[in-house]
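Good morning, and thank you for making time for this item. I would like to walk through one chain, strand by strand, and then turn to its interior.

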Amino acid sequence: MAGFHRRASARRPFSERVVFRRGEREVHGFALNLSQGGLRAILDEPVALGECFEVGLGEEGSRSGRVVWIQEELGGAIVGLAFLDAETAMHEAEAPLDVSSRSCEPWARSK
């Protein structure tokens, strides 16, 4: 079937408060579901497509991710966040991203 994409890992319900952090900015929200590759969440304020954040996931810890889709809502947004370490996690451990920079490319990792 053309254009059909199967997820690498299954989504699971995940109803927890989340905090998206980038430098001094904090965006609060509520997670809807979680997979090894990403997260879907309702946020209290809009964010930009492609923007990168360190996301606090409560007892799950925190992960770096990039906003890959946005559904704007009154007073916020529902977003899809792809974890940046999802593809490389099996290959090797990497240094954390410097999410204070404008870029979230692999070469923008902090030293």
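**Strands, core and two serines**

Let me begin with a turn: strands β6 and β7 form a hairpin with two residues between them, and glycine 75 in that turn has a positive phi of about 80°. Please bear in mind throughout that this is a predicted model.

First, the overall composition. The chain contains seven strands and zero helices, so the order of elements from the N terminus is simply β-β-β-β-β-β-β. The chain has 111 residues, and 35% of them count as buried. The exposed surface of the chain comes to about 7400 Å², of which carbon and sulfur atoms supply 51%. As for contacts between residues at least 6 apart in sequence, 40% of them join residues at least 24 apart.

I return now to the β6–β7 hairpin. Strand β6 covers residues 62–73, and strand β7 covers residues 76–83. The two pair in the antiparallel sense over eight bridges. Within that pairing, isoleucine 70 stands opposite valine 79 of β7.

What does β7 pair with besides β6? Strand β4, residues 38–43, is joined to β7 by six bridges, and these two strands also run antiparallel. Here leucine 43 stands opposite alanine 77 of β7. How many of the eight residues of β7 are buried? Seven are, so β7 is largely enclosed by the rest of the structure.

On the other side of the discussion is strand β5, residues 52–56. β5 and β6 pair in the antiparallel sense over five bridges. They too form a hairpin, in this case with five residues between them, and glycine 58 in the turn has a positive phi of about 65°. The bridge partner of glycine 56 in β6 is serine 62. Four of the five residues of β5 are buried, so β5 is largely enclosed by the rest of the structure.

β5 is also joined to β2 by three bridges, and these strands run antiparallel. Glycine 56 appears again in this pairing, where it stands opposite valine 19. Glycine 56 of β5 therefore faces valine 19 in one pairing and has serine 62 of β6 as its bridge partner in another.

β2 itself, residues 17–22, pairs with strand β3, residues 25–34, in the antiparallel sense over six bridges. Arginine 22 has arginine 25 of β3 as its bridge partner. The two strands form a hairpin with two residues between them, and glycine 23 in that turn has a positive phi of about 60°.

That brings me to the interior. Which members of the largest nonpolar core touch the most other members? Among its 17 residues, they are Phe20, Leu39 and Val55. The elements that give two or more residues to this core are β2, β3, β4, β5 and β7. β7 gives the most, with four residues.

Phenylalanine 20 merits a closer look. Setting aside residues up to four places away in sequence, phenylalanine 20 touches Arg25, Glu26, Val27, Leu39, Ala41, Leu43, Phe53, Glu54, Val55, Val79 and Leu81. That list includes Leu39 and Val55, which are named with Phe20 as touching the most other core members.

I will close with two serines of β6. Serine 62 lies in β6, as does serine 64. Is each of them buried or partly exposed? Serine 64 has a relative accessible area of 13%; the cut-off for buried is under 20%, so serine 64 counts as buried. Serine 62, at 43% relative accessibility, counts as partly exposed.

Both serines reach glutamate 54 through their side chains. The side chain of serine 64 makes a polar contact with that of glutamate 54 at 2.6 Å, and the side chain of serine 62 makes one with the glutamate 54 side chain at 3.1 Å. In regular strands, side chains alternate between the two faces of the sheet.

Leaving aside neighbours within four places in sequence, serine 62 is in contact with Glu54, Val55, Gly56 and Leu57. Finally, serine 62 can be placed relative to the core residue discussed earlier: its C-alpha atom is separated by 9.5 Å from that of phenylalanine 20, although the two residues are 42 apart along the chain.

Note on methods: Residues numbered from 1 in each chain as written. Predicted model: local features only at pLDDT ≥ 70, side-chain atom pairs only at ≥ 80, totals over all residues. Heavy atoms only, no water. Buried < 20%, exposed > 50% of the residue type's maximum accessible area, 1.4 Å probe, protein only. Contact = heavy atoms within 4.5 Å. Areas by Shrake-Rupley, 256 points an atom, 1.4 Å probe, with all protein chains shown as cover. Polar contact = N/O pair within 3.5 Å; in protein donor to acceptor, adjacent residues only side chain to side chain. Core = buried A, V, L, I, M, F, W, Y, C linked by side-chain atoms within 4.5 Å.
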